[in-house]
Amino acid sequence: RHKLYREELNLTSPAAPLPLRPEATWLQFQLGISRDGLYPRSSPAVTRLLRDMRELPTISADYSQDEKALLGACDCSQIVKPSGVHLKLVLRFQDFGKAMFKPMRLSTKFLCCTYWGTPGTEPCGSDLVPAVATTPRLSPSPPAVPGALSLCQHSVSGCPAAWLGSPPVSPRQKREEETPEDFFYFVDFQRHNAEIAAFHLDRILDFRRVPPTVGRLINVTKEILEVTKNEVLQSVFFVSPASNVCFFAKCPYMCKTEYAVWEVNPHYCNTVREIYPYSNSNRLLNIVDMAIFDFLIGNMDRHHYEMFTKFGDDGFLLHLDNARGFGRHSHDEISILAPLSQCCIIKRSTLLRLQLLAEPEYLLSDVMRESLLQDPLTPVLTEPHLLALDRRLQLILAAVGKCIDTFGEATVVANDSRQPQSPAEHRAKLGT
């Protein structure tokens with residue numbers, strides 16, 4: 001059926017990929033990864049990468065490794081945790097870059113996209129899909145449905161997973177709507193705008209551990225269906241009675257009822273801090289950073305962490321898969337802060353940045369509001385979510401203050417400054 005469709009429209013194969021260029025933005029980005037973060041402060045490569053992920057056309061599309069594992073089509077030993085409730089596709093560009101695409105869910109069972117008769121030229125309500133893009137593992141994505149683009153790293157100890165039909169409520173959560181109170185976190189919506197906002201917040205906090213992410217409209221007919229060679233992916237596309245091109249995802253439902261061990265054991269930190277590498281490296285401090293980040297965005301869906309193993313035990317943690325953040329602006333989930341409140345330690349650099357963002361002239365909500373204006377899908381967050389950041393920041397500072405009152409500043413605030421190493425000692429090397 002798809003072959004006949006392509007022949008009827010006289011579709012030709014996309015142009016041959018260009019030769020690998022050393023100046024390709026995804027390559028420059030990867031060469032800038034160090035043990036301190038995914039990219040340096042004020043990195044020009046990130047600015048160019050965000051632009052390319054917004055604009056470059058796709059030449060191929062395929063399921064992510066996690067999706068293939070769920071389908072039994074790849075080695076599951078490569079996957080950290082092949083589960084989840086969100087479809088993820090890998091889109092490739094002519095410069096060999098790749099981006100992970102997370103389409104925004106529009107229906108309980110399937111997503112209707114571009115007009116079938118003249119692909120990409122006659123939108124039909126849900127023709128364009130907002131997308132989110134993150135850093136290159138090898139590249140970026142295209143326009144037509146609300147979704148999210150994310151890039152994986154070759155050296156990461158795993159990538160995200162699949163998609164599932166939405167909970168028995170409205171088929172699409174509007175940005176001004178909150179997640180219902182009686183939802184467990186594992187049936188919450190996956191929000192493409194949460195991935196975008198998480199990248200901006202991570203950069204403002206100077207963590208630089210969320211892959212670059214940008215919103216984009218994807219034409220699913222021209223930029224997914226017509227370029228994919230995966231027959232399974234082709235088979236999930238169909239034409240609706242309204243002549244819309246739709247596609248659906250197939251994956252097992254997984255009710256992940258587990259909670260982070262911090263949340264069920266109030267003395268867990270006493271055990272953890274005696275165990276290597278948490279006992280004598282930055283690992284525990286990095287976990288506290290991640291808890292602060294998750295608390296600010298309201299993300300309870302953090303079951304494990306990932307990091308670059310090539311940087312050893314002192315490598316930073318990757319803040320991946322943030323689509324369940326920014327669900328409830330009226331509720332602050334204090335349990336997420338358990339690593340901070342139990343261990344009572346925090347990096348001095350993190351504390352100083354948080355204190356700065358609490359000052360009236362540098363309010364976190366104001367800085368985020370201005371930063372998010374750069375994204376093509378603006379407005380990314382509603383005003384209540386922005387104001388919730390200021391409220392939660394005060395709660396974090398109050399928790400730190402309580403720890404200092406109990407144990408003293410010298411014990412709680414860790415000096416994380418270090419002498420800079422030569423680039424050759426800690427930069428990611430191409431092909432390794």
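Is Lys222 buried, partly exposed or exposed? Lys222 counts as partly exposed, with a relative accessibility of 39%. The model that provides this value is a predicted one, and the chain in it has 432 residues, of which 54% count as buried. The points below move from the chain as a whole to one helix, then to the salt bridges, and finally to single residues.

**The chain as a whole**

- The secondary structure of the chain comes to 16 helices and 13 strands.
- Among the contacts in the chain with a separation of 6 or more, 75% are accounted for by residues that stand 24 or more positions apart.
- The chain exposes about 18800 Å², and carbon and sulfur atoms supply 55% of that area.

**Helix H12 and what covers it**

- Helix H12 spans residues 348-356, and Thr350, Leu351 and Leu354 are buried in it.
- Seen down the axis of H12, these buried residues fall within an arc of 95 degrees, so they line one face of the helix.
- The cover over the buried residues of H12 includes two helices, H10 (283-297) and H14 (383-407), together with two strands, E12 (346-347) and E13 (413-414).
- Helix H12 also holds Arg348, whose salt-bridge partner Glu409 lies in helix H15; that pair is described in the next group.

**Salt bridges**

- The count of salt bridges comes to 17, and the pairs described here are among them.
- Glu409 and Arg348 meet through their side chains in a salt bridge, with an N to O distance of 3.7 Å.
- This pair links distant parts of the chain, since Glu409 belongs to helix H15 (residues 409-412) and Arg348 to helix H12, with their positions 61 residues apart.
- Glu409 is partly exposed at a relative accessible area of 45%, and Arg348 likewise counts as partly exposed, at 32% relative accessibility.
- Lys222 and Glu226 form another salt bridge between their side chains, at 3.9 Å from N to O.
- Whereas Lys222 counts as partly exposed, its partner Glu226 is buried, because its relative accessible area of 10% is under the 20% limit that defines a buried residue.
- In the salt bridge between Asp366 and Arg369, the closest N and O atoms are 2.7 Å apart.
- Both Asp366 and Arg369 lie in helix H13 (residues 364-372), where they are 3 residues apart, or about one turn of the helix.
- Asp366 is partly exposed, with a relative accessible area of 35%, and Arg369 is partly exposed as well, with 28%.
- Salt bridges that share partners also join Arg41, Asp206, Arg208 and Arg353 into one network.

**Arg208, a member of the network**

- Arg208 is located in the loop that runs between helix H5 (192-204) and strand E7 (214-218), and it counts as buried at 10% relative accessibility.
- The side chain of Arg208 makes a polar contact of 3.0 Å with the side chain of Asp206, and both of these residues belong to the salt-bridge network named above.
- When neighbours within four places in sequence are left aside, Arg208 is in contact with Gly37, Leu38, Tyr39, Pro40, Arg41 and Asp202.

**Glu195 in helix H5**

- Glu195 has its place in helix H5, and at 2% relative accessibility it counts as buried.
- The side chain of Glu195 reaches the backbone nitrogen of Ala323 at a distance of 3.4 Å.

**Positions listed in the UniProt record**

- In an unreviewed entry, UniProt lists Asp301 for "active site".
- Asp301 is found in the loop between helix H10 and strand E10 (306-307), and it counts as buried in this model, at 9% relative accessibility.
- For "binding site", UniProt lists Asp321, again in an unreviewed entry.
- Asp321 lies in the loop between strand E11 (317-318) and helix H11 (338-343).
- With a relative accessible area of 26%, Asp321 is partly exposed, whereas Asp301 counts as buried.

Terms used
Residues are numbered from 1 along each chain as its sequence is written. This is a predicted model: local features need pLDDT of at least 70, side-chain atom pairs count only at pLDDT 80 or more; totals for chains, interfaces and linings use all residues. Side-chain values use heavy atoms; hydrogens and water are left out. Helices (H or I, at least four residues) and strands (E, at least two) are DSSP runs, numbered from the N terminus. Buried means under 20% relative accessible area, exposed over 50%, partly exposed in between (1.4 Å probe, protein chains only). Contact means heavy atoms within 4.5 Å. Accessible areas come from the Shrake-Rupley method with a 1.4 Å probe; for residues, only the protein chains shown count as cover. The arc is that of the directions from the helix axis to the C-beta atoms. UniProt positions are given in the numbering used here, feature names are shortened, and annotations may be inferred rather than shown by experiment. A salt bridge is a side-chain nitrogen of Lys or Arg within 4 Å of a carboxyl oxygen of Asp or Glu. A polar contact is a pair of N or O atoms within 3.5 Å; within protein, one must be able to donate a hydrogen and the other to accept it, and residues adjacent in sequence count only if both atoms are side-chain atoms.
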